[in-house]
Structure formats: structure tokens, C-alpha cells
Number of protein chains: 2
Amino acid sequence: MLHADRIVLAERPKGQPTPAAFRLEEFELPEPAAGEVLVRTLYLSLDPYMRTRMNDAPSYAAPVALGEVMTGETVGVVERDRSGRFKPGDIVRCYSGWQSAFVAAAAQLSLVDQALGPVSTALGVLGMPGLTAYAALEAIAKPQAGETIVIGAAAGPVGALAGQLARLRGLHTVGIAGGADKCRYVTSELGFNVCLDRRQDDMASQLGEACPNGVDIYMELTGGQVLEAVLPLMNLHGRIPVIGIIAWYNASGRPEGADQLPDFMRQVLYKRLHVEGMIVSDLAELRPAFEREVSARLKAGEIVYKEDIVEGLANAPDAFIGLLEGRNFGKLLVKI
Amino acid sequence: MLHADRIVLAERPKGQPTPAAFRLEEFELPEPAAGEVLVRTLYLSLDPYMRTRMNDAPSYAAPVALGEVMTGETVGVVERDRSGRFKPGDIVRCYSGWQSAFVAAAAQLSLVDQALGPVSTALGVLGMPGLTAYAALEAIAKPQAGETIVIGAAAGPVGALAGQLARLRGLHTVGIAGGADKCRYVTSELGFNVCLDRRQDDMASQLGEACPNGVDIYMELTGGQVLEAVLPLMNLHGRIPVIGIIAWYNASGRPEGADQLPDFMRQVLYKRLHVEGMIVSDLAELRPAFEREVSARLKAGEIVYKEDIVEGLANAPDAFIGLLEGRNFGKLLVKI
């Protein structure tokens, strides 16, 4: 019998999660049956969307049940294969959740092509966040050289790649990030034209100055104040791929105050904006083109990425809480 | 010297306009210069978008200036032509505004093909409202047989044609209209499957029952409570062409109460909705296909339309105020 660790949902958080929402458990792995594979997890990806799965409310998918292992994508190494599709040592990607090892049907695993980049990048710049950035640009935003793009959460893995791809397509790239260190990274290492600190009181007026020709594309990764600041700057026929609304993931119910929906719909109507929600699993057909472009540009040094690696599954809850507060710097991974 | 009448913007209304916002004036028409045409107005179209032009704030286009003639589309008859492009008696369409006659450059006039239908329809089912309905379906909503469409303002000229075209494309058509008479008209004459009265307290729950398979397309013509009721019913990959938000045209500032924008963006994200503002002038290239289909279907009796004709320019302000209150029944026209 093999032992492994997992983190389950212990209680549904109200607002920002606390450590009490999570429980670390030891469990016994079953023997893989015919068609199944035993995998040892190498890296667990932590991503903001996971917060939506902790609520007992519809989001992208069914909520995580109380006592169930937290959802999440991993890369791992095949230990035993009873499917005939893998061999020990193969690196596979799977939505296996927050656990140190697991047994899954072979159909739930994808082989990672290690020629594309380091194993951990299969969860970041070459994985779900990277494909999200690529698909938002190619399937919805359709950037044209000379246009202006604004990216909330520009230092995060989706925003960082989106901005670099936009820069390479000849756009004026304006990022928004939390804090001076991240802003410096966004301009000096990722090559955005401008990066604004969302914590500055006058962020909205700075954004107007940073976008002298208005905004053609706004990558919605945050919701909240960033959306409010960018809406009046949108140009005719602007595009808003809606990828994440991290500022609102912790919220329950409707905030009191002014109703911004009428203003939003006016902007959509008067400026003929195209607002579209997207989730990367709908756009899997873009993966080959994405991997080709991004892998080549990584090797050519045209694109860089940053990882924020936390050691040990037991530290995943604290790291995830920090992610929702913007404490991480780079793609957040847990090394198991 | 020729005399004519016009209605100018006398003051900017706050909220719902009153008659004091308008002033009827007599004026002297200039002689047409070379390249110009003198036209006598036959019908003036009254449409909700005009309310947005009365505010001193950006909307689709620059506001109407104080003292300037109210904006609007007309059909008229050519009296004198100094362009060589028209002959007396020709019927032309023009954004000439609320006036009984006018002189305009020939390039601002379009010849109306009287073989398509009666002259007044060039402002309704075969005009701007009709093309708006057609373009919202063809360019944004892309309806598929078997889908469900919900249409706010179903008795109005845009909604009425959109619903009939959707019915002819095999959709389950659900209208919302103001009052029992309009609802009866929408189902018995326009052939919608269901029509709900927006004034009923339980409209939202009735809407849920009327859409057992959810909502694939919502034609946003109203904003307000209708939008609120339909959002939770939207299906994955639903489409929302944003055509008008009549419930909010009179509003200034942001309504107090709960902020609905976070909920809206959650729906957009989780359901991957496609929300897109449209204005018919962006989609003029669809006019030939639109005229072909709708004219043929009108002649075949597959599509019907209703006009609400007010006599005399002096009655235009009261008719327009009634339009914003939903008092009209059918495409609102002023016969000059």
C-alpha cells in the first residue's frame, strides 16, 4: 500500500479564505487497475479560479465538495502504467488536484513534450495560463499593430505572456500590477511600455496619460477598480476578453453603493464594445499553434517568464491565500 | 423664399423629457446651391436613441446643440434637384431631423426603392430598425435552429422583426412587452411562442418557465429589469447583442443600490457570454441581403409590421415622450 498526502476542502470560506478552509490528510493510494496510471506529483499549479470552486454556487464547473480534494492542475512523473499508453518516467499533466500522488485513468493524462521547455512551464508559460493569454488574444482580442492594450495583473502568468505577445505584435502595452517591484519587472523584463501600480490613488488618471490614443483591448483579469478605470478610455470597437475577475472572487452577494451596470452597458452600446468570457478548455484547438509560437520565442529569448515556487504540499493553502492577496510574484507553483 | 417648420432642442432634459425641451420654429429654407437638393419631408421616424443625443455627454455621436434641429431620419420627396442625381418626385431617405422640408447635399440622401414596400417602411421594417434587427441576428447572435431567443421590447419595430426572423430560422421565441394588448399582438400576429408582460411582478419567474432550455440569445433593447431577469437564464456561449438600453436612457449618474456589475461579469466569465454593442451604421454592408430577405418575406406574408402614425410635426414632442414611456404601439412615425 502506498501512502500519499492530499489537501481537502474543510469548510467553505466566506470572503477571503483562511487556513481553516483546508485540511491536510494522509491517504492510501489504490493499486492502479487496468487502464490506469500511478503518478507522483512534481508540481501543483495554484490559480485564482480555484477560489470560485470553493463556493457552493455554480461557476465554470461544479463546486469542490466538502471533504473532497481541492481541484488543480499538476505535472507529475509516471510511476506505474497499466494502460500501455505511458512508460515510467514520462511527464504527464493532469487535473489531479492538491495531492502528492494519484491514480487516474490514462485518458485523463496528457503527455508533456519536454522538448518545449522545463517541466514546470507546462503549468505556466507553456500551460494553462499561457494558452489562456494566447487564446484571449487570438480568438477574441485580435490585436492589430499600433493598437493599445491594457492588462490588469500584468505581472501574473496570463498577463505577462499576453503583454509580451502583444508587444511582439506591435501594440502599445500598458500593464497594471500591485507594487513598485512588480511594475519594474513588467517594464524592464517583460518590455511593456508602461506599468502602473494599482495601489496608487491616482491610478485612473495615470492610466489616461499612459493611453494617449485610448484603449483598444482590455484584458479583464481583475475586475474591480481596474475595470472601472479603463472603461471610459475604451475606443470604438474595443475588445474585452473576460478571463478572470479576481477582485470579485471573494465577494458574495452584491456590493452596496452605486450600480455600475447601466454605465457599463452604455459604454458597450455607444462604443460597440465586444465583451466575451473565455475559458481555456473551450479553446484547446489552439494549443498546437500556441506551443509552437511560445516555445520558439522562449528559446529565442523574446519571451521570459517568472515562477514563484513554494516547497511542500503543506504550504499550498498559505500560498493560495497569498495569491488572492497578490503576494506571489510570478507563476505560483507548489513543488511536491 | 420657402417657409418650413422645424423642432429644435430648447433645453436639455433631466430624466424624462417634458414638452419644454422642444421648440417649434418657422424658418426660411435657403435656395438649393449647385449639388444640393430641396426635399419635402413625408415621414419622420421617432426612435429611442434620440434621447441619448439630448444629453450634453458623448453617446454614439455628438449631442444635439441647444437651438439646433432635433436629429432624426426621414423619408421625403424631392422637390428641386441641383445635383443631377435625383428627379422631382423621387423618394429619398436622409438624417435631416425634425423639419418639414430641408436642403441637403445630394450625398446625404439615399434613393428609396419603392418596389420594396410602402414609403413609410423605409423608416421601419425596411429601414433602420429593420436592419438593426437583421444585423443583430446575422452579425452577432448567429442563431441556430432549436435555440431560444429572448427579446425585450418585442412589440417595437426592432424586436418585432428580430422575433419573426428568429421564428423563421427555427428558434423558440420569447418576447417581453408592456401590457396585455402588446403581448397578444406579439404572440397572435408576430407568431412568438410566448410573450410576457414586463409589468407583472413575477415576470422573472415567468421568464424561467417560458425558457425551459435556458436562453441562447438575448436581444438587449431595454436594460433594467429585463436584463436582470434574463442573465441567470443564459446558457453557455450565449450571445447578447446590445442594441438599446431604453430603461436607462433617461437616467443620469449611477443608481444607488446594489452594484450589479460584479454579478454581470461573473455570468459573462462563467458562461463565456458574448456581449457586443452594435449600431446599424457600422453594418451598412448587410443592407442588400437584408432588403432582399425582408422585402420578399413581407410580400409572402411571412412577416408583418405595425406602424403608429402621428399627424403633424407639432405633435412630434408628445409622441417622442410617449415612446420613452412605451405608449406607442408599432413603429412610431410622424406624418408631416
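This briefing describes a sheet, its strands, two helix contacts and two buried residues. The structure is a predicted model. In it, twelve strands from chains A and B form an open sheet with mixed pairing. Helix 2 of chain A packs against helix 3 of chain A at roughly 45° and against helix 9 of chain A at about 105°.

**The sheet across chains A and B**

- The strand order of the sheet is 10(A)-9(A)-8(A)-11(A)-12(A)-14(A)-14(B)-12(B)-11(B)-8(B)-9(B)-10(B).
- At the edges lie strand 10 (194-197) of chain A and strand 10 (194-197) of chain B, each of which pairs on one side only.
- On average, and ignoring direction, neighbouring strands of this sheet are turned by 15° against each other.
- Helix 3 (residues 157-168) of chain B packs on the sheet, where it touches strand 8 (148-151), strand 9 (172-177) and strand 11 (215-219) of chain B. The direction of this helix makes about 170° with that of strand 8 of chain B.
- Helix 8 (residues 261-270) of chain B lies across strands of both chains: strand 12 (234-242) and strand 14 (274-277) of chain A, and strand 12 (234-242) and strand 14 (274-277) of chain B. Helix 8 of chain B runs at about 65° to strand 14 of chain A.

**Strands 8 and 9 of chain A**

- Strand 8 (residues 148-151) of chain A runs parallel to strand 9 (residues 172-177) of chain A, and four bridges join them.
- Within this pairing, A:Thr148 has A:His172 as its bridge partner, while A:Ile149 has A:Thr173.
- In a regular strand, side chains alternate between the two faces of the sheet.
- Both faces of strand 8 of chain A are covered, with A:Thr148 and A:Val150 buried on one side and A:Ile149 and A:Ile151 buried on the other.
- Strand 9 of chain A is largely enclosed by the rest of the structure, because five of its six residues are buried.

**Helix 2 of chain A and its two partners**

- The axes of helix 2 (residues 128-141) and helix 3 (residues 157-168) of chain A come within 8 Å. Their crossing angle of roughly 45° means that the two helices are oblique to each other, and the crossing is right-handed.
- Helix 2 of chain A contributes A:Pro129, A:Gly130, A:Thr132, A:Ala133, A:Tyr134 and A:Leu137 to this contact, and helix 3 of chain A contributes A:Pro157, A:Val158, A:Leu161, A:Ala162, A:Leu165 and A:Ala166. By class, the contact has ten nonpolar, two polar and no charged residues.
- Helix 2 and helix 9 (residues 287-299) of chain A have axes 10 Å apart, and these helices are roughly perpendicular to each other.
- Here A:Gly130, A:Leu131 and A:Tyr134 of helix 2 meet A:Arg287, A:Ala289, A:Phe290 and A:Glu293 of helix 9 of chain A. The contact of helix 2 with helix 9 of chain A divides into four nonpolar, one polar and two charged residues.

**Two buried residues, A:Asp90 and A:Ile91**

- A:Asp90 is in the loop between strand 4 (74-81) and strand 5 of chain A, whereas A:Ile91 is in strand 5 (residues 91-94) of chain A.
- A:Asp90 is buried because its relative accessible area of 11% is under 20%; A:Ile91, at 7% relative accessibility, also counts as buried.
- Beyond four places in sequence, A:Asp90 is in contact with A:Gly76, A:Val77, A:Val78 and A:Leu111.
- With the same exclusion of residues up to four places away, A:Ile91 touches several residues, including A:Leu42, A:Val75, A:Val112 and A:Val119.
- A:Ile91 and A:Val75 are 16 residues apart along the chain, and their C-alpha atoms are separated by 6.7 Å.

Key. Residues numbered from 1 in each chain as written. Chains lettered and ligands numbered in written order. Predicted model: local features only at pLDDT ≥ 70, side-chain atom pairs only at ≥ 80, totals over all residues. Heavy atoms only, no water. Buried < 20%, exposed > 50% of the residue type's maximum accessible area, 1.4 Å probe, protein only. Contact = heavy atoms within 4.5 Å. Axes fitted to C-alpha atoms, helices over the stretch in contact; angles between N-to-C directions. Parallel < 35°, antiparallel > 145°, perpendicular 65-115°, else oblique. Left-handed = near helix turned anticlockwise from the far one by under 90°. Nonpolar A, V, L, I, M, F, W, Y, C, P; charged D, E, K, R; others polar. Pairing = 2+ DSSP bridges.
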